[in-house]
Amino acid sequence: MAYYFKLGNIPPKRHTQFRQPDGSLYKEELVSSKGFSGIYSNLYHIHNPNNVLAIGKPTPYHWEPAKEHGLKQTHLKTAGVSTTGKDYLSARKMLMMNNEVMMGICSPEQRKMDYYFKNADGDELIYVHDGEGVMYSQFGKLEVRQGDYIVIPRTTIYRFEWKEEGPLRLLVIESHGPIETVKRYRNELGQLLEHSPYCERDIRPPGELVTEAEKGEYLVQIKKGGMLHPYTYGHSPLDIVGWDGFLYPYALSIHDFEPITGRIHQPPPVHQTFQAWGFVICSFVPRLFDYHPLAIPAPYNHSNIDSDEVLYYAEGEFMSRKGIDRGSFTIHMGGLPHGPHPGTVEKSIGAKETHELAVMLDTFKPLFVTTQGLDFVDPDYPMSWKE
Ligand SMILES: [Fe+2]
């Protein structure tokens with residue numbers, strides 16, 4: 001959900017005759033949400049979107065919560081990981097989950113996907129920690145780079161081509177509910193307000209439509225119900241000549257998020273970037289620290305009685321934490337207070353600015369480390385406040 005946008009050729013009126021050069025009709029597809037009551041887009045195909053040649057055997061593609069991990073402040077160290085698997089889907093390692101959201105990492109060896117992916121289970125938010133590339137989807141070509149959030153509405157058919165040189169690290173979030181801009185920053189007609197930390201100019205929709213008319217065999221891996229369903233179609237899924245609407249993938253750079261600061265410590269909601277069912281996403285970006293003469297820039301101890309809080313450390317020095325690396329996750333669970341490590345509060349006094357960059361995910365229901373996540377647990381973290 002961003003704003004109305006269109007690419008390519010569309011007929012002047014929807015649901016009317018729109019003909020190809022040979023006189024046949026283009027195939028219209030309405031992609032809609034919440035029945036017919038949510039946001040939607042209309043796509044115009046050269047071929048029938050149901051032109052299925054074969055359906056392969058479904059394979060399990062889901063994660064399990066490791067409830068035995070128990071109640072403890074958790075640090076997952078992923079800095080030492082250079083690749084997490086061969087291709088985009090096998091490289092996805094979801095490290096924490098509940099019924100509403102999963103969060104993990106993905107660093108595929110294969111930079112160019114040789115299949116398409118369609119997530120029918122949830123919306124995706126991909127944060128490009130390292131890497132630069134192009135996302136090809138039915139909505140067009142979207143160029144993405146380090147620091148981008150890529151919002152991908154469910155059922156978007158897409159594939160990535162990442163540059164071969166340099167590291168590739170993606171933070172991957174799958175959401176059961178739609179990923180949206182923050183409601184309190186929108187007016188009644190959906191426009192982002194003056195006090196929003198970003199506005200429509202910062203939201204980058206696909207820039208150019210890619211239309212592939214040729215027939216052939218095209219594999220689309222469809223995730224539905226925690227299974228991967230291999231579908232082979234008789235034409236490229238990128239057979240769109242035009243589309244319009246509010247539903248499409250887009251990018252928003254964390255570097256375009258304008259921080260809100262104050263005289264005393266500002267709470268995390270000022271960093272909120274997206275909302276979804278059961279969780280929020282916040283961006284901690286380089287900013288000036290609090291400017292009250294007696295301000296303490298480090299956060300206070302905090303008991304979030306009904307949330308679990310995850311921070312993914314992307315860049316810079318985190319002044320309130322020791323032993324945290326680039327690529328670390330901390331999970332501070334509701335039920336325990338959390339706060340700065342000993343000595344860091346005093347050290348923060350007088351600091352004028354921070355160059356930190358981090359992505360936060362706060363869930364409103366308990367979040368569990370997955371069985372795969374256990375591989376990354378730092379066993380010393382729960383006792384790291386010991387004086
Ligand atoms: Fe907190």
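Let us start in a loop: Thr-155 sits between strands β13 (148–152) and β14 (157–162). Its backbone is a little unusual, since Thr-155 has a positive phi of about 70° although it is not a glycine. With a relative accessible area of 29%, Thr-155 counts as partly exposed, because that class covers values from 20% to 50%. Do keep in mind as you look around that this is a predicted model.

Lys-34 makes a good companion to Thr-155. Lys-34 also is not a glycine, yet has a positive phi, here of about 50°. You will find Lys-34 in the loop between β2 (27–32) and β3 (40–45). Its relative accessible area is 57%, so Lys-34 is exposed.

Lys-34 also leads us to an open space in the protein. The second largest pocket holds about 450 Å³ of space. Of the 22 residues lining this pocket, Ser-33, Lys-34, Ile-39, Pro-178 and Leu-247 are the closest to its centre. Sorted by class, its lining has 11 nonpolar, 6 polar and 5 charged residues.

From there, turn to the largest pocket, with a volume of about 660 Å³. Its lining is made up of 40 residues, and those nearest the centre are His-265, Pro-268, Phe-284, Pro-299 and Met-360. The elements that each contribute two or more residues to this lining are β22 (279–284), β23 (287–288), β24, β25 and β27 (357–363). The largest share, 4 residues, comes from β24. By class, 20 of the lining residues of the largest pocket are nonpolar, 14 are polar and 6 are charged.

Strand β24 brings us to the metal site. Which residues donate to the iron ion? The protein donors are His-302 through ND1, Glu-309 through OE, listed twice, and His-338 through NE2, at 2.1 to 2.6 Å from the iron ion. Along the chain, these donor residues follow the spacing H-x6-E-x28-H. Glu-309 belongs to strand β24 (residues 308–315), while His-338 is in the loop between β25 (328–332) and α1 (344–348), so this pair ties together parts that are 29 residues apart in sequence.

Why is the arrangement around the iron ion irregular? The 4 donor atoms subtend angles of 55 to 140°, whereas a tetrahedral site would need all angles between 85 and 135 degrees. Two of the donor residues can also be placed by their accessibility. Glu-309 is buried at 9% relative accessibility, and His-338 is buried too, with a relative accessible area of 7%.

Let us finish with the aromatic rings. A pair of aromatic rings is described by how far apart the centres lie and by the angle of the planes. Across the whole structure, a search finds 24 aromatic pairs. In one of them, the ring centres of Phe-18 and Tyr-26 are 4.6 Å apart and the planes meet at 40°, so the pair is tilted. Phe-18 and Tyr-26 are both buried.

Phe-139 and Trp-243 form another aromatic pair, this one edge-to-face, with 5.1 Å from centre to centre and 85° between the planes. This pair links distant parts of the chain, 104 residues apart: Phe-139 is in the loop between β11 (133–137) and β12 (140–144), and Trp-243 is in strand β19 (residues 240–245). Both of these residues, Phe-139 and Trp-243, are buried. They also belong to a cluster, in which ring pairs link Tyr-3, Phe-5, Phe-139, Trp-243, Tyr-248 and Tyr-250.

How values were computed. Residues numbered from 1 in each chain as written. Predicted model: local features only at pLDDT ≥ 70, side-chain atom pairs only at ≥ 80, totals over all residues. Heavy atoms only, no water. Donors = N, O, S within 2.8 Å, 3.2 Å for Na, K, Ca; no water. Tetrahedral: all angles 85-135°; square planar, octahedral: opposite > 155°, others 65-115°. Buried < 20%, exposed > 50% of the residue type's maximum accessible area, 1.4 Å probe, protein only. 1 Å grid on protein atoms, 1.4 Å probe; cavity = no way out; pocket = protein on both sides within 12 Å on 5 of 7 lines; lining within 4 Å. Points joined across faces, edges and corners; volume = space filled by probe spheres on them. Nonpolar A, V, L, I, M, F, W, Y, C, P; charged D, E, K, R; others polar. Phe/Tyr/Trp six-rings, centres within 6.5 Å; stacked < 30°, edge-to-face > 60°.
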